[in-house]
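User: Hey, can you walk me through the holes and the helix packing in this one? I'm new to this, so plain words please.
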Amino acid sequence: MDFHPTEEQAAATDLAARIFRDLATHERLTAAGTGSDAELWKALTAAGLTAAVEEVGLLGLVLLLEEQGRTTAQVPYAATCAYGILPVAAHGSAEQRARLLPALGSGEAVATGAFPDRGRITASPDGRLTGTAPVVPWLRDATHVLVPDADRALWLVRTDAPGVGTAEVETTAPWSAGCLTLTGAEAERLGEGRAYEEVLATARTAFAGLQAGVCAGSLARAVEYTSTREQFGRPLSTNQGVMLRAADAYMDTEAIRVTAYEAAWRIDEGFPAREHALTASWWASEAGKRVVHAGQHLHGGMGADLDHPVHRHFLWGRQLDAYLGCGSELLAELGALLSDHAAPEGDDA
C-alpha cells in the first residue's frame, strides 16, 4: 500500500484547502443555513476540483473531502462525486460518460444517491421506478439521483422528470436533504452485475473521508480553545484530563483516516475492498461520534452554544455516524461477509 499522494492529488488537495478555508467561513455557513453555498460551489467547479476526481481517483477524493469536512462547507461535493462522477466513469456506457461527465464536472449537473438500498423502490420491465426514499442528502440541489431498486440494479433519475416528487426533510445536520417519491418515473440504467456493491463501497469510503475531516476540524477547534482558555491561572490544555481526552480523539481521527485511505487505495487499484470499505465506515461511525462529542465537551459551556462553529462539527459528525449504516449495522454486515468468506465450499450452513 502507498498512501503518499501523487503530484496531481497533492496539488488538488492544496487548492481545495485554500478555497474551503477562504470561502467556508462561519459567517457564510450561518447565512447558508440548510442550503448550499452557490458561490463556493461555483469556485470549486471553476477550479476544476469536481472534474478532477475522475483523474485523482477515490483516494484523491478522500483527501479532498477531508478538506471539506474540516470546514463543514455547505456544498454537494461528496454526493456529486460519490454518486455521479465516479459511478458514471466506472459503470456508464460511452454515451452516458460523454453526456453526463462534462455536466457533472462543470457543476451544471448535481448528483446524489438514494443509498443504501432498503427495498423500497421497484422497477417495472420498461424501466419505470416506483417507491420512496425517505431521506436523500442534498436532494434539493440535485439534478440527478442514483437510485438502487429492490433487486439492486442502479438507475439514474432526473429530478425534473415526470413522476418524480421531492419534499424537504430536516435532519440533525444542516444538509439540504429531501424525501424522494417516484411514481412510474422514467429512469436510465447504469451498469450491470455488482455495480451496486461497488458504488456503495465507494460511497462509504468517500463519506468516511468526509468524517475524518469533520473530526479533524472539531479537534483543531478544541485544541485552539483549550490552549487559550484559562482556568485557575493556567490554560485548560495543561489539565491531564483534557490532554487525555484530546489524545483519544486524535487517535480515533487517525483510525478513521487510515482505514479510509486503505479502502480508497484498494478500490483505485482494483483490489477487493468491500470489507475495507465497511471497516472504514464503521470507524467513521463509532469513532466519529466519540470525536465530535469530545470536541463539544472540551469547549465546556461554549460547546452547548448552537451558534458556535464547533456545533456544526457535532451535527455533521452525528449525521455521518448513521449515514449508510450505523456502527452496529455495519459490524453485522461485516461479520456476515467475513463468515461467508470463511465458509468451506459447498457448506450450506
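Analyst: Sure, and one bit of vocabulary to start: Ala, Val, Leu, Ile, Met, Phe, Trp, Tyr, Cys and Pro count as nonpolar, Asp, Glu, Lys and Arg as charged, and the others, Gly among them, as polar. By that scheme, the lining of the largest cavity has 7 nonpolar, 4 polar and 2 charged residues. Keep in mind that this is a predicted model.

User: Okay, how much space lies in that largest cavity?
Analyst: About 70 Å³. Its lining is made of 13 residues, and F207, S281, A284, L320 and Y323 are the closest to the centre.

User: Which helices supply at least two residues of that lining?
Analyst: That would be α7 (195-228), α9 (274-297) and α10 (309-322). The largest share comes from α7, with 4 residues.

User: How many cavities of 30 Å³ or more are there?
Analyst: The structure holds 2 of them. The second largest cavity has about 40 Å³ of space.

User: And what lines the second largest cavity?
Analyst: The residues are Y83, G84, V88, L100, L104, A111, H144 and L156. Sorted by class, that lining has 6 nonpolar and 2 polar residues, with no charged ones.

User: Which element gives the most to it?
Analyst: α5 does, with 3 residues. Both α5 (77-91) and α6 (94-106) supply at least two residues of that lining.

User: Switching to pockets. What's the volume of the largest pocket?
Analyst: The largest pocket has about 570 Å³ of space. It is lined by 26 residues, and those closest to its centre are E198, V199, A201, T202 and I267. Several elements give two or more residues to this lining: α4 (53-71), α5, α7, α8, α9 and α11 (327-342).

User: Which of them has the largest share of the lining of the largest pocket?
Analyst: α5, with 6 residues. As for class, the lining of the largest pocket has 14 nonpolar, 5 polar and 7 charged residues.

User: What about the second largest pocket?
Analyst: The second largest pocket has a volume of about 360 Å³. It has 20 lining residues, and F115, P116, R118, R120 and V135 lie nearest its centre. A strand, β3 (128-136), and the helix α10 each supply at least two residues of that lining, and β3 has the largest share with 4 residues.

User: How does the lining of the second largest pocket split by class?
Analyst: It comes out as 13 nonpolar, 4 polar and 3 charged residues.

User: Now the helix packing. At what angle do α7 and α8 pack?
Analyst: α7 and α8 (residues 240-269) pack at about 155°, and their axes are 9 Å apart.

User: Why does that make them roughly antiparallel?
Analyst: Angles over 145 degrees count as roughly antiparallel, so α7 and α8 are roughly antiparallel to each other. The crossing of α7 past α8 is left-handed.

User: Which residues meet there?
Analyst: On the α7 side, A201, T202, T205, A208, G209, Q211, A212, C215, A216, L219 and T226 take part. On the α8 side, the partners are V242, A246, A249, Y250, T253, I256, R257, A260, A263, A264 and I267. By class, the contact has 15 nonpolar, 6 polar and 1 charged residues.

User: Wait, I saw A201 earlier, didn't I? Where was that?
Analyst: A201 came up with the largest pocket, as one of the residues closest to its centre. T202 and I267 are also among those residues, and A201, T202 and I267 are part of the contact between α7 and α8 too.

Technical notes:
Residues are numbered from 1 along each chain as its sequence is written. This is a predicted model: local features need pLDDT of at least 70, side-chain atom pairs count only at pLDDT 80 or more; totals for chains, interfaces and linings use all residues. Side-chain values use heavy atoms; hydrogens and water are left out. On a 1 Å grid over the protein atoms alone, a cavity is a set of points where a 1.4 Å probe fits but cannot get out, and a pocket is an open set with protein on both sides within 12 Å along at least five of seven lines; lining residues have an atom within 4 Å of a point. Grid points are joined across faces, edges and corners, and a volume is the space filled by probe spheres set on the points. Axes are lines fitted to C-alpha atoms, for helices over the stretch in contact, and angles run from 0 to 180 degrees between N-to-C directions. Angles under 35 degrees count as roughly parallel, over 145 as roughly antiparallel, 65 to 115 as roughly perpendicular and the rest as oblique. A crossing is left-handed if the near helix is turned anticlockwise from the far one by less than a right angle, and right-handed if clockwise. Contact means heavy atoms within 4.5 Å.
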